[in-house]
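User: Could you walk me through this model, starting with its biggest hollow?

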Amino acid sequence: MPIFAGQAHPNGPENRPFAERTIAIQGKTRICTLTFGHPKPDDIVDWTSNGHYDATRAHATMLDLTYEYRGHFWQGVFGSVVLSMRTNVRKPDSPPWNDLQSILEGVRIQRLAHNRATKNNHPDGRQEWLEPILSKLNGIPCIKQYVYWGNDPKGEWLYYFPIDEDHVLELSIWLVDNGNRPGLTQSDWRPRAEAFANHLLSTVRVSVEAITPHPY
C-alpha cells in the first residue's frame with residue numbers, strides 16, 4: 001500500500017491565461033462600466049447579454065465565477081474561490097444612494113439585519129457581517145466589508161460601488177474551504193487561493209457616467 005507524505009499540491013487556476021472582460025451595467029440615470037480580468041472558470045453563472053446588464057430589470061446574480069483546487073480523483077475538491085457580481089436595488093423607504101456616505105449607511109443597516117437574522121445559528125456556520133468602511137479598490141472609491149464564516153475571518157470580502165441613486169454594484173469574493181473534510185490530506189491550496197483571489201481583485205476597474213438622452 002503506497003504511503004503519501006507531505007502536503008498535497010492540488011491543481012489550481014493560477015497558471016491559466018487571463019482574459020479581460022467588460023460589462024456595461026445600466027441603471028436609471030447612469031451606466032457603470034466594469035472591467036476585470038479572469039481565466040476560464042470551472043463553473044460559471046452568467047446573466048449578462050453581449051456585455052450588457054440592465055440593473056433596472058434584472059435582479060438575479062449578474063455573474064458568478066468559480067475556481068476549484070482539485071486533488072487526485074479520490075480526493076476531490078480541496079477548496080474553491082468564487083468571484084460574484086450582482087446589483088443591489090434600494091428599498092423604496094430608504095434614502096437615495098446619492099454618494100458613498102449614503103451607501104455606507106445603507107450597508108450598515110443591512111449588516112445589522114443580517115447579524116440579527118443569524119445570531120442564534122451555530123458558531124461553526126454562523127455568518128458575522130463586520131462594520132463596513134470607506135475604502136478604495138485599485139484606487140477606485142468604494143465601500144469595503146468583511147464577512148466571517150464560522151471562525152474564518154476571510155470568509156467573504158465585499159466591495160460596493162455606486163451606479164445611481166437606486167442601484168449599487170456589489171462585488172464579492174469568497175473561499176469555500178473543504179479542509180476539515182474527514183480523511184482529506186493537508187494541502188497548500190488555501191494560501192494559493194488567497195493569492196489568486198487578490199490577483200482577481202487587482203484587475204477590477206469601475207467607472208460611472210451619466211446616460212446621454214437621445215435628441216428629439
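**Pocket and rings**

User: How do the residues lining the largest pocket divide into nonpolar, polar and charged?
Analyst: Ten are nonpolar (Ala, Val, Leu, Ile, Met, Phe, Trp, Tyr, Cys, Pro), six are polar and three are charged (Asp, Glu, Lys, Arg), with other types, Gly included, counting as polar. This is a predicted model, where local features need pLDDT of at least 70, side-chain atom pairs need 80 or more, and lining totals use all residues. Numbering starts from 1 along each chain, and side-chain values use heavy atoms, without hydrogens or water.

User: Which element gives the most to that lining?
Analyst: That's α1, with nine residues.

User: Switching topic: how many aromatic pairs are there?
Analyst: Four turn up in the whole structure. A pair has ring centres within 6.5 Å; planes under 30 degrees apart are stacked, over 60 edge-to-face, the rest tilted. Phe-18 and Phe-196 are edge-to-face, with 6.3 Å between centres and 65° between planes. Phe-18 sits in the segment before β1 and Phe-196 in helix α2, so this pair ties together parts 178 residues apart in sequence.

User: Is Phe-196 buried or exposed?
Analyst: Phe-196 is buried, at 3% relative accessibility, while Phe-18 is partly exposed at 29%. Buried is under 20%, exposed over 50%, partly exposed in between (1.4 Å probe, protein chains only).

User: What about Tyr-69 and Trp-189?
Analyst: Their ring centres are 5.7 Å apart with planes at 50°, so they are tilted. Tyr-69 is in strand β5 and Trp-189 in helix α2, 120 residues apart. Both are buried.

User: Which residues form one aromatic cluster?
Analyst: Phe-18, Tyr-67 and Phe-196 do.

Notes: Helix = DSSP H or I, 4+ residues; strand = E, 2+ residues; numbered from the N terminus. Phe/Tyr/Trp six-rings, centres within 6.5 Å; stacked < 30°, edge-to-face > 60°.
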